[in-house]
Protein chains: 2
Amino acid sequence: MAVQTVATSSDSTVDLGPAAALSCRECGHRVPLGPVFACEECFGPLEIAYDFSAYDTEELRRRIEAGPASIWRYAPLLPVPADVAEKPNLNPGWTKLVKADNLARELGVTGGLYVKDDSGNPTHSFKDRVVAQALEAARAFGFTTLSCSSTGNLAGAVGAAAARAGFRSCVFIPHDLEQGKVVMAAVYGGELVGIEGNYDDVNRFCSELIGDPAGEGWGFVNVNLRPYYAEGSKTLAYEICEQLGWRLPDQIVIPIASGSQLTKIDKGLQELIRLGLVEDRPYKIFGAQAEGCSPVSTAFKAGHDVVRPQKPDTIAKSLAIGNPADGPYVLDVARRTGGAVEDVTDPEIVDAIRLLARTEGIFAETAGGVTVGVTRKLLEAGVLDPAKTTVVLNTGDGLKTLDAVAGTGLTATIRPTLDSFREAGLA
Amino acid sequence: MAVQTVATSSDSTVDLGPAAALSCRECGHRVPLGPVFACEECFGPLEIAYDFSAYDTEELRRRIEAGPASIWRYAPLLPVPADVAEKPNLNPGWTKLVKADNLARELGVTGGLYVKDDSGNPTHSFKDRVVAQALEAARAFGFTTLSCSSTGNLAGAVGAAAARAGFRSCVFIPHDLEQGKVVMAAVYGGELVGIEGNYDDVNRFCSELIGDPAGEGWGFVNVNLRPYYAEGSKTLAYEICEQLGWRLPDQIVIPIASGSQLTKIDKGLQELIRLGLVEDRPYKIFGAQAEGCSPVSTAFKAGHDVVRPQKPDTIAKSLAIGNPADGPYVLDVARRTGGAVEDVTDPEIVDAIRLLARTEGIFAETAGGVTVGVTRKLLEAGVLDPAKTTVVLNTGDGLKTLDAVAGTGLTATIRPTLDSFREAGLA
């Protein structure tokens with residue numbers, strides 16, 4: 001992949017709040033804020049470096065608590081301008097942290113079990129959080145088109161965010177995507193381009209387009225805006241801790257696609273500790289994959305530091321990244337915190353979706369089935385401690401993956417009479 | 001329909017907060033709180049009578065503002081116990097009031113246009129608000145099964161609420177409902193019974209079951225718990241005014257199915273005025289129907305006081321009630337406030353869904369297409385004043401009515417090359 005250097009003219013005047021520079025995760029090389037994602041020195045991934053030095057802990061806490069009921073309450077900790085909440089965007093986040101007592105009973109958890117339910121976001125997945133960051137970066141860099149490669153959730157999130165913000169959008173998807181997903185992405189009125197090929201082909205094409213004059217003025221949320229985009233996942237960490245009363249959970253179970261979400265949640269927790277907003281005490285992070293796409297889980301169990309790519313084959317399409325960019329960092333986090341990475345089969349995913357729905361009334365996407373299924377498996381294996389406060393992420397909405405539970409149906413069919421009702425054994 | 005008298009033993013000990021009694025909307029006859037819905041004197045509909053006499057305005061306002069980010073911030077104004085927020089329920093409400101500046105520009109509204117977006121509720125429709133009230137009534141009356149007749153949104157809302165609250169649920173639907181809707185309702189694990197017949201047959205059967213020993217201990221949210229259930233719609237009025245800074249909007253556009261939502265929103269606004277929480281000034285309420293099911297709109301235009309039933313034929317299934325119980329009350333409200341009732345065709349509904357999505361990134365259910373479409377029509381006709389603050393309700397989620405916009409699709413299909421991209425005219 002070609003490494004881009006900073007190309008826009010706006011570098012010196014960029015106001016992205018506390019974001020000070022981009023810093024290479026591998027070699028620490030720093031470059032000014034811009035639409036770049038790979039280090040020019042070592043090709044490592046760039047991420048945001050912040051200047052939080054001016055913050056007083058209690059003043060910051062009050063400022064957050066007085067903020068809006070969205071991710072923008074954490075604007076002082078994100079790469080966004082201070083007045084972000086006044087700009088047209090979807091105001092995602094501040095989703096419910098559901099105390100899941102029924103599920104806890106079924107799973108034998110006594111220390112408190114919570115579901116962080118991101119199906120409550122505007123387009124019903126956690127992607128609204130990350131796209132909202134990329135949008136602000138796109139505004140700061142003077143881009144006028146918002147773009148991405150996607151197989152589903154992201155396409156809708158980008159289309160909706162662009163519409164609201166007054167950006168043109170152009171989203172690339174494999175041409176043979178299910179009709180339902182096409183409709184969900186197309187309804188926002190942006191360009192939706194089918195690429196003859198698979199998701200890898202779509203990605204490769206997007207990388208080419210970024211280097212071409214035709215892609216000028218385009219912000220690809222998950223490519224040239226990736227360092228900004230990825231920071232959105234930190235807000236999950238902030239919200240969980242604030243909703244627990246400014247307290248770290250003991251254990252968090254997080255789905256793994258590229259692995260970015262898990263590593264950024266860890267980054268968010270570390271920031272809260274450094275800022276004094278939560279007490280510094282141990283927490284364990286657990287990664288969850290589908291068996292049909294389990295490169296990180298496989299590496300974790302084998303004790304490897306590198307992740308061997310896999311060809312995905314699972315119903316958990318939103319997690320089906322066979323070569324996860326942040327895989328090695330996920331292994332680091334799981335090992336450093338004393339967590340683990342585990343996977344579950346497709347039938348276990350479906351069972352877990354049903355379990356969560358029937359105990360808590362939450363209809364999760366397949367990714368939520370993966371985290372609940374892995375939670376159950378790790379509890380049974382004695383890896384998760386049932387006496388500890390545990391948070392499980394549901395990152396999407398069951399309405400988007402109805403096929404996964406398509407077997408679910410009527411309990412009975414009767415005539416509209418009491419006799420028929422009794423005959424069916426329902427009385 | 002048989003009129004039931006209060007049948008449970010819990011009457012004298014019922015704690016439903018400020019709810020003091022049931023009162024007949026027609027003759028004013030009062031009965032104690034119980035699972036009844038029709039007046040024993042005149043067969044009129046019963047509704048909740050409150051005792052708000054102890055409230056101090058500013059103390060009440062502070063109490064509300066310090067309350068949870070859900071409908072339970074308004075517990076002092078609802079038929080629920082004071083500690084309702086601690087009981088297991090889905091905590092619906094406090095959904096976004098979106099300032100729709102892009103849509104306002106397209107429609108020529110200069111006085112401020114807002115979309116109250118109830119797709120943000122737990123099961124993505126306003127039904128979570130009403131079911132949450134019925135659930136508390138069911139708890140108070142000692143019921144153990146939650147039930148309803150439904151053709152979609154309500155089935156999911158009841159299934160989810162019952163699961164979370166630890167109730168058994170048994171929901172009745174026409175046996176030939178679309179598979180997607182069946183899955184959405186069935187996933188929560190309750191009984192889902194298909195009735196061989198249409199929605200009218202389902203309703204008739206439910207009324208029979210209530211009078212039968214087999215239905216003992218059953219709370220039908222939209223039948224014997226209807227007086228409580230209906231009050232949930234008041235929370236839309238409360239939230240809109242609080243989110244506008246404790247101010248009445250000038251104009252509100254509300255969809256009409258049974259008409260209950262519109263009349264209860266008016267009731268909520270009147271309460272806020274009487275309690276001193278908003279300044280008493282004129283507001284206008286507008287009702288929105290689909291042309292294919294427009295009994296109230298037809299009556300309004302003809303100047304009638306009675307509503308002649310229609311056989312529904314529209315894509316707006318969630319509004320397709322041909323004989324709306326509260327139709328005459330809707331006519332009263334529209335006329336009393338200086339509003340109107342209007343309808344739009346199915347193609348206008350689809351256009352309006354697309355318009356809202358492309359301007360604000362909100363993907364509405366067909367019912368949202370009805371309100372946005374009627375808003376546009378009433379603005380063009382000079383009936384809605386573009387210089388006034390206007391709120392439009394979106395009561396559901398586009399993901400549940402994907403078929404309505406199924407024609408929406410790819411802008412282009414290309415090979416994964418820059419040449420192909422240029423040839424398609426996308427550069």
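1. Across the interface between domain 1 and domain 2 of chain A there are 3 salt bridges. The structure discussed here is a predicted model. One salt bridge to inspect in chain A joins the side chains of A:Lys264 and A:Glu47, with an N to O distance of 2.8 Å. Beyond salt bridges, 11 residue pairs are in polar contact between domain 1 of chain A and domain 2 of chain A, both residues of each pair being at pLDDT 80 or more. Four elements of chain A, namely β3 (46-50), α3 (127-140), α4 (153-165) and α5 (179-186), each contribute at least two residues to the side of domain 1 that touches domain 2. The greatest contribution to that side comes from α4(A), with 4 residues. Sorted by class, the side of domain 1 of chain A that faces domain 2 of chain A consists of 9 nonpolar, 2 polar and 7 charged residues.

2. The domain limits should be kept in view when reading these values. In chain A, domain 1 is assigned to 11-54 + 127-229, and domain 2 to 97-124 + 233-405. The centres of the two domains of chain A, taken over C-alpha atoms, are separated by 24 Å. Contact between them involves 18 residues of domain 1 of chain A and 23 residues of domain 2 of chain A. Together the two domains of chain A bury about 1,800 Å², of which 42% is on carbon and sulfur atoms. Within domain 1 of chain A, the residues that lose the most area to domain 2 are A:Asp128, A:Arg129 and A:Asn153, which together account for 37% of what that side buries.

3. The next point concerns the contact between the chains. Here 71 residues of chain B are in contact with 71 residues of chain A. The area buried between chain B and chain A is about 5,700 Å², with 63% of it on carbon and sulfur atoms. The size of an interface is often expressed as the accessible area lost when the parts come together.

4. Polar and charged pairs also link the chains. Between chain B and chain A there are 4 salt bridges. B:Arg422 and A:Asp212 form a salt bridge in which the closest N and O atoms lie 2.4 Å apart. The count of residue pairs in polar contact between chain B and chain A is 24, both residues being at pLDDT 80 or more. On the side of chain B that touches chain A, the classes are 38 nonpolar, 17 polar and 16 charged residues.

5. Strand pairing also crosses between the chains. Strand β8 of chain A (residues 191-195) and strand β14 of chain B (residues 412-414) run parallel and are joined by 3 bridges. In this pairing, A:Val193 stands opposite B:Ala412 of β14(B).

6. Chain A contains an open sheet of 3 strands in the order β2-β1-β3, with antiparallel pairing. Because β2 (30-31) and β3 of chain A are at the edges and each has a single partner strand, one side of each is left without a neighbour in the sheet. Strand β1 (residues 19-24) of chain A is joined to β3(A) by 5 bridges, and the two run antiparallel. Opposite A:Ala21 stands A:Ala49 in β3(A).

7. A final point concerns salt bridges in the model as a whole. Over all chains, the count comes to 50 salt bridges. One pair in chain A is A:Arg281 with A:Asp250, whose side chains meet at 3.0 Å, N to O. This pair links distant parts of the chain, 31 residues apart: A:Arg281 is in the loop between α9 (260-274) and β11 (284-290) of chain A, and A:Asp250 is in the loop between α8 (234-243) and β10 (251-255) of chain A.

How values were computed:
Residues are numbered from 1 along each chain as its sequence is written. Chains are lettered from A and ligands numbered from 1 in the order in which they are written. This is a predicted model: local features need pLDDT of at least 70, side-chain atom pairs count only at pLDDT 80 or more; totals for chains, interfaces and linings use all residues. Side-chain values use heavy atoms; hydrogens and water are left out. Contact means heavy atoms within 4.5 Å. Buried area is the accessible area (1.4 Å probe) that two parts lose on being put together, summed over both. A polar contact is a pair of N or O atoms within 3.5 Å; within protein, one must be able to donate a hydrogen and the other to accept it, and residues adjacent in sequence count only if both atoms are side-chain atoms. Ala, Val, Leu, Ile, Met, Phe, Trp, Tyr, Cys and Pro count as nonpolar, Asp, Glu, Lys and Arg as charged, and the others, Gly among them, as polar. Two strands pair if DSSP finds at least two bridges between them. Domain bounds come from an automatic or database domain assignment.
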